[in-house]
Amino acid sequence: MPGTGSADIRTFVHEYGGGAWIPVPAGLAGGGPATGGPASGGLPAVLGACAADQRLRLFGGGEAGDSTAGGSTAAGNGNAAGRPATPPAPVARGHRYADPAWVPGTDVSVWVREVHDDGAEPPRNEIVSVRLDGTVAVLAAGADFYASPQPSPDGTRLAFLSWDHPNMPWDHTRLHLVELDADVAGVLDRAGDRVLLDGPALQQPRWSPDGRLHVVSDADGYWDIVRV
């Protein structure tokens, strides 16, 4: 990757990939606004999964022409290898990250992580928080699969989906809600992980600006947006 002039950002979560990167909000890691535009002449920054080792890395976020800025997604700018934002896994591509979202007002993002480092098959899946200083904390674990972690607008709650074998996500999924602690290092009370809806098939949980949770459900045979 170094010397290629562009960043190879891809994730191998669930083997077929998914959302592999997210713009870094303004003021964090020297990044520009979340819309992707540079701030004060700087390069836009993204946090993404490096295809070579699957670690999360910061790309961009420096001044134009600065080769030490941690890499850029724009050809010809900086070091395309990026700056590591998560620890290395015990085995090659052992920790894979996808489906990110930022916790509002913080330097924390949440991701689905697929763990291959214990040699077990199938791999272990979980939801983790990642700070820009490299701190990683597990927020949810135990289900066979996870998807769509979505922090509330005030950053105090996290909604996400889970499902287990033999179900596919279009067969039966669960909508969860957990409370986050003040510094988003973990869950306040794991027993407080509430299953708001248990099937049938649910997709795309999203929060409205006033903090109300919605999800797409096929409970009546059609994909409808419902308020939880």
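Colleague: Is tryptophan 111 buried or exposed?

Modeller: Happy to start there, keeping in mind that this is a predicted model. The cut-off for buried is under 20% relative accessible area. Tryptophan 111 has a relative accessible area of 0%, so this residue is buried.

Colleague: The structure holds three aromatic pairs; how are the rings of tyrosine 97 and tryptophan 111 arranged?

Modeller: A pair of aromatic rings is described by the distance of the centres and the angle of the planes. For tyrosine 97 and tryptophan 111, the centres are 6.3 Å apart and the planes stand at 85°. Planes over 60 degrees apart count as edge-to-face, so the pair of tyrosine 97 and tryptophan 111 is edge-to-face.

Colleague: Which strands does that pair link?

Modeller: Tyrosine 97 and tryptophan 111 are 14 residues apart, and the pair links distant parts of the chain. Tyrosine 97 is buried as well, at 1% relative accessibility. Tyrosine 97 belongs to strand β5, and tryptophan 111 to strand β6.

Colleague: And what kind of pair do phenylalanine 145 and tryptophan 163 make?

Modeller: Phenylalanine 145 lies in strand β9 and tryptophan 163 in strand β10, 18 residues apart. Both of these residues are buried. Their ring centres are 5.4 Å apart with the planes at 20°, so the pair is stacked.

Colleague: Back to β5: in what sense do β5 and β6 pair, and over how many bridges?

Modeller: β5 and β6 form a hairpin with five residues between them, and glycine 105 in the turn has a positive phi of about 75°. Among the bridge partners, tryptophan 102 is matched with serine 109 in β6. The pairing of β5 and β6 is antiparallel, over six bridges.

Colleague: How many of the eight residues of β5 are buried?

Modeller: Strand β5 is largely enclosed by the rest of the structure. Aspartate 99, found in β5, is partly exposed, with a relative accessible area of 29%. The number of buried residues in β5 is seven of the eight.

Colleague: What is the phi of aspartate 99, and what is the phi of serine 148?

Modeller: Most residues other than glycine have a negative phi. Aspartate 99 has a positive value, and serine 148, in strand β9, also has a positive phi. Serine 148 is buried at 13% relative accessible area, whereas aspartate 99 is partly exposed. The phi values are near 60° for aspartate 99 and about 55° for serine 148.

Colleague: Where is threonine 86, and which backbone nitrogen does its side chain reach?

Modeller: Threonine 86 sits in the loop between β4 and β5, and this threonine is buried at 3% relative accessible area. Leaving aside neighbours within four places in sequence, threonine 86 is in contact with Arg55, Leu56, Tyr97, Val130 and Val136. At 3.0 Å, its side chain reaches the backbone nitrogen of leucine 56.

Colleague: Which residues do the cis peptide bonds at proline 166 and proline 200 join to those prolines?

Modeller: Most peptide bonds are trans. Proline 166 is in the loop between β10 and β11, and the cis bond there has an omega of about 5°. Proline 200 is in the loop between β12 and β13, with an omega of about 0° for its cis bond. The partner of proline 166 is histidine 165, and that of proline 200 is glycine 199.

How values were computed
Residues are numbered from 1 along each chain as its sequence is written. This is a predicted model: local features need pLDDT of at least 70, side-chain atom pairs count only at pLDDT 80 or more; totals for chains, interfaces and linings use all residues. Side-chain values use heavy atoms; hydrogens and water are left out. Helices (H or I, at least four residues) and strands (E, at least two) are DSSP runs, numbered from the N terminus. Buried means under 20% relative accessible area, exposed over 50%, partly exposed in between (1.4 Å probe, protein chains only). A polar contact is a pair of N or O atoms within 3.5 Å; within protein, one must be able to donate a hydrogen and the other to accept it, and residues adjacent in sequence count only if both atoms are side-chain atoms. Contact means heavy atoms within 4.5 Å. Rings of Phe, Tyr and Trp (its six-membered ring) pair if their centres lie within 6.5 Å; planes under 30 degrees apart count as stacked, over 60 as edge-to-face and the rest as tilted. Two strands pair if DSSP finds at least two bridges between them.
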